[in-house]
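Reader: I've just opened this one and I don't know my way around yet. Could you walk me through it?

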Amino acid sequence: MTTSKAGGRPSATVSIVLNGERRRVAAGLSVAGLLRGLELEPGMVVVERNREILSRDAIGATAVEDGDRIELVHFVGGG
């Protein structure tokens, strides 16, 4: 657990690797919450968590956990 700067209250975070970069995110966050925080539309992203692709249905129900390795692949339209 880490301590926030505002008022010294504890703020729990977990460490993940996101697209090859280590970062800390709020504990208890779902994968859908992670995508929202990154301003990504879940329907436009494929999520791989710990080498397994998550189904669209699982994105909201899957918690981000300490040590997770998450890869995001964005769909880009064009023509």
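Author: Sure, here is a set of questions and answers about this predicted model.

Reader: Let's start simple. In what order do the elements of the protein run from the N terminus on?

Author: The protein has 2 helices and 7 strands to place. Reading from the N terminus on, they come as β-β-β-β-α-β-β-α-β.

Reader: And what is the strand order in the open sheet?

Author: The sheet has 5 strands with mixed pairing. S3 and S7 (residues 69–74) pair in the parallel sense over 2 bridges. S5 and S7 pair in the antiparallel sense over 5 bridges, and S5 (residues 45–49) is also joined to S6, antiparallel, by 2 bridges. Put together, the order is S4-S3-S7-S5-S6.

Reader: Which strands stand at the edges of that sheet?

Author: The open sheet has the order S4-S3-S7-S5-S6. An edge strand here has a single partner strand, so one side of it is left without a neighbour in the sheet. The strands in that position are S4 (21–26) and S6 (52–53).

Reader: I'd like to find the pairing residue by residue. In S7, what is the bridge partner of Val45?

Author: S5 and S7 pair in the antiparallel sense, so to speak of one pair, look from Val45 across to S7. Elsewhere in S7, Arg69 is the bridge partner of Val17. For Val45, the partner in S7 is His74.

Reader: And over in S6, what is the bridge partner of Glu48?

Author: S5 and S6 run antiparallel and are joined by 2 bridges. Look in S6 for the residue that partners Glu48, and you find Ile53.

Reader: Is Ser15 buried or exposed?

Author: Ser15 lies in strand S3 (residues 13–18). Leaving aside neighbours within four places in sequence, Ser15 is in contact with Arg22, Arg23, Arg24, Glu65, Asp66, Gly67 and Asp68. Its relative accessible area is 12%, and the cut-off for buried is under 20%. That makes Ser15 buried.

Reader: Now the charged side chains. Which residues are linked in a network of salt bridges?

Author: Side chains of opposite charge can pair when their charged atoms come close. The side chains of Arg49 and Glu65 meet at 3.7 Å, N to O, and those of Arg49 and Asp68 meet at 2.9 Å, N to O. With Arg49 in both pairs, the network is made of Arg49, Glu65 and Asp68.

Reader: How many residues apart in sequence are the parts that Arg49 and Asp68 tie together?

Author: The side chains of Arg49 and Asp68 meet in a salt bridge. Arg49 lies in strand S5 and Asp68 in the loop between H2 and S7, so the pair ties together parts whose separation in sequence is 19 residues.

Reader: Is Glu65 buried or partly exposed?

Author: Arg49 is buried, and so is Asp68; for Arg49 the relative accessible area is 17%. Glu65 has 44% relative accessibility, and values between 20% and 50% count as in between. Glu65 is therefore partly exposed.

Reader: Which element gives the most to the largest nonpolar core?

Author: This core has 16 residues, and those with the most contacts inside it are Ile16, Leu35, Val47, Ile59, Val64, Ile70 and Leu72. S3, helix H1 (31–37), S5 and S7 each supply at least two residues of it. With 4 residues, the element that gives the most is H1.

Reader: Ile16 is on that list. Which residues does Ile16 touch, not counting those up to four places away in sequence?

Author: Ile16 is among the residues with the most contacts inside the core. Leaving out residues up to four places away, Ile16 touches Glu21, Arg22, Arg23, Val25, Leu34, Val64, Glu65, Asp68 and Ile70.

Reader: One last thing, the loops. Is Arg51 buried or exposed?

Author: Arg51 is found in the loop between S5 and S6, and its phi is near 70 degrees, a positive value in a residue other than glycine. Asn19, in the loop between S3 and S4, also has a positive phi, near 50 degrees, and is partly exposed at 34%. Arg51 has a relative accessible area of 78%, and is exposed.

Definitions and conventions. Residues are numbered from 1 along each chain as its sequence is written. This is a predicted model: local features need pLDDT of at least 70, side-chain atom pairs count only at pLDDT 80 or more; totals for chains, interfaces and linings use all residues. Side-chain values use heavy atoms; hydrogens and water are left out. Two strands pair if DSSP finds at least two bridges between them. Buried means under 20% relative accessible area, exposed over 50%, partly exposed in between (1.4 Å probe, protein chains only). Contact means heavy atoms within 4.5 Å. A salt bridge is a side-chain nitrogen of Lys or Arg within 4 Å of a carboxyl oxygen of Asp or Glu. A nonpolar core is a set of buried Ala, Val, Leu, Ile, Met, Phe, Trp, Tyr and Cys residues joined through side-chain atoms within 4.5 Å.
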